[in-house]
Structures are given as structure tokens and as C-alpha cells.
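Please work through the exercises below with the sequence and the structure at hand. Attempt each task before reading its solution.

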Amino acid sequence: MKFGLKKALSSVALVGALFSATGYAAEPAIDSILSSGELKVCFEAGYIPFEMKTKDGRFIGFDIDIAKHMARSIDVKFVPVNTAWDGIIPALQTGKCDIIIGGMAITPQRNLKVMFADTYIEIGQTVLIKSELEDKVTSFRDLNDPKYRLASQIGTTGAQAAKKYFPKATLDLFETSADAVLQVANGKADAFVYDLPYNALYASQHKDTVVHLDQSFTYEPLGWAIRQNDPNFLNFLNNYLVQIKKDGSYDRIYDKWFKSDAWVDSIQ
């Protein structure tokens, strides 16, 4: 009896020591942000209208305005960290930024690597087709054919959707969304698979070269991503999101980027 009790107590102590070594070893991100006075935000400029770069080198967009507002709400400086999409999660994991606010869809695969705050906007995938196909392709389903060549961006849910829904078509992947959509505009691809907001704006600006099939064929909640095992930061983000949606800040920022095109000239 005494030996069993002693062994049990030793096990409890060991678990406590391990928890102390792992559970508290990493400083919560919110503490680091407050102590440094900086909120480092990862994104990839070029995702219209979420994050873009102006002619004079400034970063603007829906996500950028939210990130700036978030930083101001806790009296710290917003620090942009423009990052290639295929390296954005490793950048977060290695501490190059505190958070990804970059139009990232919440997926099971990504959720194994990062924690997501509650959904802040919902989108879906659509397709842009070259204008010559307007009478031949009337639904996204028509593109699942070996005669079609599709384009999308590496590492995006657009690429995943293209592989899933159009397995018979040829798929070419590119480093940026701008490079991928250009294939359709230049006649080197038949269709571009990507997020609805991006496609809608691109189509409105390139009516002579592409046609937007604007029926979303996926459901994609977007979320802010942070490092694993950080409940304090997650709690802050979820409550911050509730606050801006209730006080009108979210709607004001949303309307600026999704219901107006006054900003378009600044990026062209």
C-alpha cells in the first residue's frame, strides 16, 4: 500500500513537472505583443481586396484595415509581414509573425498546424473562364473535361478545389494568384479557379478577356490563425471579433472594400 501510494505521488509530481516545462515554456503571444509594442501580421499581398500593395508601396485592404484596427485597440504598432503563401504557416510557427490575417480558409489540414479564431468572413470558390468559352461553359461542372486547362495558385483552397472537382482537366499551379489568372487573360488556360471576391473584382476590371461564373461551389470560412496552445490569445481574438461586429467597425471596413471600388486606382 505504501509503495503504491509513493509511486502514484511520484507520477503526479512528474506530470506536474512536465506540464510546467511544456505548458508554460512558451510565452503567450498576447504577452509578447504587449511587451514588444508590436503586432506582427503575416499575409500575402495580392489577394484582392483582402491585402494588396499600392503603387507607392503601401499595404492596403480589408484584412490590413482589420489588423491595424486590432493593433490600435491594444495600443501597439501594426507591423506588416508580407510572406509567400506556401511559407506563411512556417513563418507563423517560427515566430516571424504573431498572427496570420490573410484570407486563410479554415481547413482540417491547416487546423492540425495552427489554431483558428472564429470565422470572420465566409467565401467560396468560383471560376473565371476565357471569353471565348462563354457559350460553351455555363456551369463550373462543364470544366471537368480533359480538353480544358485550368490554373490556380499553389497551396490555396482554389488549387484543392480544382483537383477535387475537375480531376479530368489539366491543372497548372502558379506561385501567385496574379500569375495564375493571367494565364486565362492571355489565352494560355481556359479557366482560373479561385476565391469569389478576387474573381468578382478581376472580372469587373477585365470584361473583354474573362467571364465570371459566380456560383460558388464550395463553402469556405476564413479565420485568423495563431500558433497552437495559446488559449489567451484565442480568447482575445474571439472577443475582439464580437466587439467589432457589434459596434459597427466591421461593417464600416467591409463596406469600404467590398461595396466600393474607390480604392482600385491606387493599386493599378
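The exercises that follow concern a predicted model.

**Exercise 1. The open sheet**

Task: Determine in which order the strands of the 5-stranded open sheet are arranged, and identify its edge strands.

Solution:
Step 1. Strands of a sheet pair through backbone hydrogen bonds, either parallel or antiparallel.
Step 2. Reading across the sheet gives the order β10-β9-β11-β8-β12, and the pairing is mixed.
Step 3. An edge strand pairs on one side only; here these strands are β10, residues 170-174, and β12, residues 210-213.
Step 4. From one strand to the next, the twist averages 30°.
Step 5. One pair can be examined in detail: β8, residues 125-130, and β12 are antiparallel and share 4 bridges. Within this pairing, L128 stands opposite H212 of β12.

**Exercise 2. Helices that lie across strands**

Task: State which strands helix α6 and helix α8 lie across, and at what angles these helices run.

Solution:
Step 1. Helix α6, residues 157-165, lies across β8, β9, β10 and β11. The angle between α6 and β10 is about 170°.
Step 2. Helix α8, residues 196-205, lies across β8, β11 and β12. The angle between α8 and β11 is about 130°.

**Exercise 3. Helix α3 and the residue after it**

Task: Compare the span of α3 with the expected span, and decide whether the helix is mostly covered or mostly open.

Solution:
Step 1. The 12 residues of α3 reach 17 Å from the first C-alpha to the last, which is close to the 16 Å expected at 1.5 Å a residue.
Step 2. A residue counts as buried under 20% relative accessible area. In α3, 9 of the 12 residues are buried, and the helix is mostly covered.
Step 3. Among the buried residues of α3 are F62, I64, I66 and M70.
Step 4. The buried residues of α3 pack against β1, β3, β4, β7, α9 and α10.
Step 5. After α3 comes D75, with a positive phi near 60°.

**Exercise 4. Backbone details in loops**

Task: Locate the cis peptide bond from I48 to P49, and describe D75 and N229, which have positive phi values.

Solution:
Step 1. The bond from I48 to P49 is cis, and its omega is near -5°. P49 is found in the loop between β1 and β2.
Step 2. D75 is not a glycine, yet its phi is near 60°. D75 is placed in the loop between α3 and β4.
Step 3. The cut-off for an exposed residue is over 50% relative accessible area. D75 has 71% and is therefore exposed.
Step 4. N229 is likewise not a glycine and has a phi of about 60°. N229 is placed in the loop between β14 and α9.
Step 5. N229 has a relative accessibility of 74%, so N229 also counts as exposed.

**Exercise 5. The nonpolar cores**

Task: Describe the largest nonpolar core, and follow the contacts of F62.

Solution:
Step 1. The largest nonpolar core has 57 residues. Those with the most contacts inside this core are F62, I99, Y120, W224, F233 and L237.
Step 2. Helix α9 contributes the largest share of this core, 7 residues.
Step 3. Leaving aside neighbours within four places in sequence, F62 is in contact with residues including P49, F50, Y120, Y250 and W257.
Step 4. A second, separate core has 17 residues, including V127, A162, A169 and F217.

Notes:
Residues numbered from 1 in each chain as written. Predicted model: local features only at pLDDT ≥ 70, side-chain atom pairs only at ≥ 80, totals over all residues. Heavy atoms only, no water. Pairing = 2+ DSSP bridges. Helix = DSSP H or I, 4+ residues; strand = E, 2+ residues; numbered from the N terminus. Axes fitted to C-alpha atoms, helices over the stretch in contact; angles between N-to-C directions. Contact = heavy atoms within 4.5 Å. Buried < 20%, exposed > 50% of the residue type's maximum accessible area, 1.4 Å probe, protein only. Expected span 1.5 Å × (residues − 1). Core = buried A, V, L, I, M, F, W, Y, C linked by side-chain atoms within 4.5 Å.
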